[in-house]
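Visitor: I'm new to reading protein structures. Could you walk me through one?

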Amino acid sequence: PELNRLGANISVNNNVATIFGNQKLFGTNLMSTDIRASASLIIAAMCSEGRSKLSRVYHIDRGYEKIENKLNVLGANIDRIKSWLIEIYCYKSNNK
């Protein structure tokens, strides 16, 4: 459900996820549920347009200490607002 909040088009039926193509993802408020989900949400938010806030990041901290610092070195724009909350910024240009 969290990836759908970004604008993805994913449906789950009988433990099978069907992913339909989508051109754009948009920033929104998200909530982490575990380590792997948190990592995927950060990557998806980095690919989306606008600002996303990811709460309950203590899940990802268990496996990826200070992930925002490591990703910022690679060019991401992520700020830790509180111990349990990060903001991910991505403003796409109109140039392709």
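**Bridge partners and the open sheet**

Guide: Sure! Keep in mind that this is a predicted model. Let's begin with one pair: Gly50 has Cys90 in S6 as its bridge partner.

Visitor: Which strands does that pair belong to, and how many bridges join strand S4 to strand S6?

Guide: The general idea is that strands of a sheet pair through backbone hydrogen bonds, either parallel or antiparallel. Here, S4 (residues 50-55) and S6 (residues 85-90) run antiparallel, with six bridges between them.

Visitor: What order do the strands of the open sheet take?

Guide: Going across, you read S3-S4-S6-S5, four strands with mixed pairing. At the edges sit S3 (29-31) and S5 (78-82), each pairing on one side only. On average, neighbouring strands are turned by 25° against each other, ignoring direction.

Visitor: Which strands does helix H2 lie across?

Guide: Helix H2, residues 35-47, lies across S3, S4, S5 and S6, and runs at about 30° to S6.

Visitor: And what do strands S1 and S2 do?

Guide: S1 (residues 9-13) and S2 (residues 16-20) pair antiparallel over five bridges. One of the pairs is Asn9 with Phe20 in S2. Two residues lie between the strands of this hairpin, and Asn14 has a positive phi near 55°.

Visitor: How many helices and strands does the chain have?

Guide: Four helices and six strands, in the pattern α-β-β-β-α-β-α-α-β-β along the sequence. The radius of gyration is 14 Å, close to the 12 Å from the globule rule for 96 residues, so the chain is as compact as a globular protein of that length.

Technical notes: Residues numbered from 1 in each chain as written. Predicted model: local features only at pLDDT ≥ 70, side-chain atom pairs only at ≥ 80, totals over all residues. Heavy atoms only, no water. Pairing = 2+ DSSP bridges. Axes fitted to C-alpha atoms, helices over the stretch in contact; angles between N-to-C directions. Contact = heavy atoms within 4.5 Å. Rg over C-alpha atoms; globule rule 2.2 N^0.38 Å.
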